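This report describes selected features of a protein model. The sequence and structure are shown first, and the description follows.

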Amino acid sequence: AASDPDLVARARAAKEALGDKVFVLGHHYQRDEVIQFADVTGDSFKLARDAAARPEAEYIVFCGVHFMAESADILTGPQQQVILPDLAAGCSMADMARIAQVEAAWEAMAAAGVQDQVVPVTYMNSTAAIKAFCGRNGGIVCTSSNAEVALDWAYEQKGPDAKVLFLPDQHLGRNTAVLKLGLSLDDCVLWNPFKPNGGLTAEQLRDAKMILWKGHCSVHGRFSADVIDDLRAKIDDLNVIVHPECQHEVVLKADFVGSTEYIIKTIEAAPSGSSWAIGTELNLVQRLADAHPDKNIVFLDRNVCYCSTMNRIDLPHFVWAMESLVEGVVVNRIEVDPQTEQEALVALQRMLDLPG
Ligand code: 13P
Ligand code: SF4
């Protein structure tokens with residue numbers, strides 16, 4: 001849908017009035033009406049690095065979801081303020097790992113005698129408290145673009161008997177472990193936070209190399225392997241590209257798998273006339289289809305599937321946040337408490353220090 005011209009003009013005016021004082025970050029899943037005002041767009045990893053590289057910006061307006069704004073606050077200086085235009089822009093996956101549940105799991109692993117071997121690795125899509133947990137327990141943060149290197153790092157920390165506790169996305173954990181590190185599905189177990197001992201026997205825990213937290217993305221969880229079969233039957237020479245948050249059987253049937261940034265680069269480099277089915281959030285897929293009319297781009301789902309929380313950041317909220325800043329009022333500041341920030345930074349810094 002076209003953006004309201006009045007709001008577009010107001011957003012433009014506010015941005016101009018703020019100049020270098022404001023730096024606007026936009027995740028690839030944001031609406032067109034918002035992404036047009038982003039100084040940089042990117043996947044979670046790129047945005048984390050970009051936020052850290054702007055010490056002169058007094059205000060960081062984060063068009064994305066809550067965990068991304070928290071990470072930006074952790075990675076930026078104390079004089080910089082991070083703003084999330086709508087506080088309701090959370091992430092259902094991040095909400096699936098609560099710090100009390102993770103602490104309880106950690107205690108249960110100690111009681112089972114395996115905790116010493118476990119390195120916690122959390123996907124960026126988690127609360128600052130979970131990142132802090134990883135920081136103080138020898139762990140690391142990863143994103144969909146560096147999960148393999150981060151897991152290599154994690155396994156190196158504890159020698160041949162090392163185990164990883166992967167939070168909170170079972171799919172990214174399983175897909176990376178099996179398809180990139182060569183672990184078997186039997187090496188992976190699922191920790192259900194709602195069951196005593198995660199629903200696992202002591203033996204299962206002892207034998208596991210990868211303990212996957214039972215979390216998932218409600219958007220990527222919808223893609224199914226049978227839609228891939230249907231599309232391949234209908235479209236000749238179809239290339240299927242999906243995000244690693246998709247279920248394992250979907251990733252197995254795809255030709256390419258990677259982060260949002262990887263998906264964009266792959267489509268940009270694809271030859272004219274090629275056909276692509278893309279399994280990731282719909283705002284990005286539509287934008288790619290619009291930007292590449294010479295390529296046949298279809299969405300890998302029968303239904304519409306936006307990320308409802310990413311979509312919370314709309315033009316009215318953006319304008320409100322920006323015009324408030326022009327008035328000298330900071331609305332919707334995301335501020336991580338100092339202790340959490342310090343510990344989470346340890347885990348984030350380990351990620352930023354990874355090779356590659
Ligand atoms: P990336 O942008 O890191 O690929 O993450 C996708 C996602 O689901 C963000 O919420
Ligand atoms: Fe969270 Fe999935 Fe939305 Fe990303 S797409 S913000 S992981 S619910």
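The axes of helix α1 (residues 5–18) and helix α14 (residues 315–326) approach within 9 Å and cross at roughly 35°. This crossing of α1 and α14 is left-handed. On the α1 side, the contact is formed by Leu7, Arg10, Ala11, Ala14, Lys15, Ala17 and Leu18, while α14 contributes Leu315, Pro316, Phe318, Val319, Met322, Glu323, Leu325 and Val326. By class, the residues of this contact comprise 12 nonpolar, no polar and three charged. The model is predicted, and every value reported here should be read accordingly.

**Ligand surroundings and annotated positions**

Ligand 1 is surrounded by His28, Asp43, Ser44, Phe45, Asn125, Thr143, Ser144, Cys217, His243, Glu245, Ser259 and Thr260. This shell divides into two nonpolar, eight polar and two charged residues. An unreviewed UniProt entry carries the annotation "binding site" for His27, Ser44, Tyr123, Met124, Asn125, Ser144, His243, Pro244, Glu245 and Thr260.

Two of the annotated positions, Tyr123 and Pro244, can be examined further. Tyr123 is located in strand β5 (residues 118–123). Beyond its neighbours within four places in sequence, Tyr123 contacts Cys142, Leu167, Pro168, Asp169 and Leu172. Pro244 is placed in the loop between β10 (238–242) and α11 (248–253). Excluding residues up to four places away in sequence, Pro244 touches Ser144, Ala147, His171, Leu172, Asn175, Thr176, Val251, Val257 and Gly258.

**Burial**

The table gives the burial of Tyr123, Pro244 and Asp186.

| Residue | Other C-beta atoms within 10 Å | Class |
|---|---|---|
| Tyr123 | 31 atoms | buried |
| Pro244 | 28 atoms | buried |
| Asp186 | 9 atoms | exposed |

Tyr123 counts as buried because 31 other C-beta atoms lie within 10 Å, the threshold being 20 or more. Asp186 counts as exposed because it has 9 C-beta neighbours inside 10 Å, where exposure requires 12 or fewer. Asp186 lies in the loop between α8 (170–179) and β8 (188–191). Asp186 and Tyr123 are separated by 63 residues in sequence and by 22 Å in space, C-alpha to C-alpha.

**Packing of helix α13**

In helix α13 (residues 282–291), the buried residues are Asn283, Leu284, Val285 and Leu288. These buried residues of α13 pack against α12 (260–269), β12 (275–279) and β13 (296–299).

Note on methods:
Residues are numbered from 1 along each chain as its sequence is written. Chains are lettered from A and ligands numbered from 1 in the order in which they are written. This is a predicted model: local features need pLDDT of at least 70, side-chain atom pairs count only at pLDDT 80 or more; totals for chains, interfaces and linings use all residues. Axes are lines fitted to C-alpha atoms, for helices over the stretch in contact, and angles run from 0 to 180 degrees between N-to-C directions. Helices (H or I, at least four residues) and strands (E, at least two) are DSSP runs, numbered from the N terminus. A crossing is left-handed if the near helix is turned anticlockwise from the far one by less than a right angle, and right-handed if clockwise. Two residues are in contact if their C-beta atoms, placed from the backbone, lie within 7 Å. Ala, Val, Leu, Ile, Met, Phe, Trp, Tyr, Cys and Pro count as nonpolar, Asp, Glu, Lys and Arg as charged, and the others, Gly among them, as polar. A residue is near a molecule or strand if its C-beta atom, placed from the backbone, lies within 6 Å of it. UniProt positions are given in the numbering used here, feature names are shortened, and annotations may be inferred rather than shown by experiment.
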